[in-house]
Amino acid sequence: QLQAFGGGLVQAGGSLRLSCAASGRTFSNYAMGWFRQAPGKEREFVAGITRSGGNTMYADSVKGRFTISRDNAKNTVYLQMNNLKPEDTAVYYCAAGSLLRTGDRGYDYWGQGTQVTVSS
């Protein structure tokens, strides 16, 4: 089970940190990803991290602004979002899969989503 939280309303240029807590399975066995879906748009990959945390991947639109990290001892993955823009407004989902991938079909388990709204 994955539970994402930390979303909210923030002004452009602000920061938020999302967290995703995992339970029920061995967290360190899974690569983790963050995806987002804005109204009227398809769900898109935001960032991902390998099982050990040694490798990360980002969408071009968030490179240099977002940072994904994980704490396997706490069964939690984080997404630090800085310099937020109105176009970052979306529901953000965390997901777990066997390998780090950018496609959502590569993930087996999904959290419920947390809303991020960035005002201009």
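## Basis of the description

Two strands are taken as paired if DSSP finds at least two bridges between them, strands being DSSP runs of E with at least two residues, numbered from the N terminus. This is a predicted model, in which local features need pLDDT of at least 70 and side-chain atom pairs count only at pLDDT 80 or more, while totals for chains, interfaces and linings use all residues. Residues are numbered from 1 along each chain as its sequence is written, and side-chain values use heavy atoms, with hydrogens and water left out.

## The four-stranded sheet

An open sheet is formed by four strands in the order β1-β3-β8-β7, with antiparallel pairing. Because β1 (2–5) and β7 (66–71) stand at the edges with a single partner strand each, one side of each has no neighbour in the sheet. Within the sheet, β3 (residues 16–22) and β8 (residues 76–81) run antiparallel and are joined by six bridges, and L16 has M81 as its bridge partner in β8.

## R70 in strand β7

R70, which lies in strand β7, is buried (under 20% relative accessible area) yet has no salt bridge, that is, no side-chain nitrogen of Lys or Arg within 4 Å of a carboxyl oxygen of Asp or Glu. The nearest side chain of opposite charge, D71, is 8.2 Å away. The side chain of R70 instead reaches the backbone oxygen of R51 at 3.4 Å, and a polar contact (N or O atoms within 3.5 Å, one able to donate a hydrogen and the other to accept it) of 2.7 Å joins the side chains of R70 and N72.

Methods: Buried < 20%, exposed > 50% of the residue type's maximum accessible area, 1.4 Å probe, protein only. Lys, Arg positive; Asp, Glu negative; His and termini not counted.
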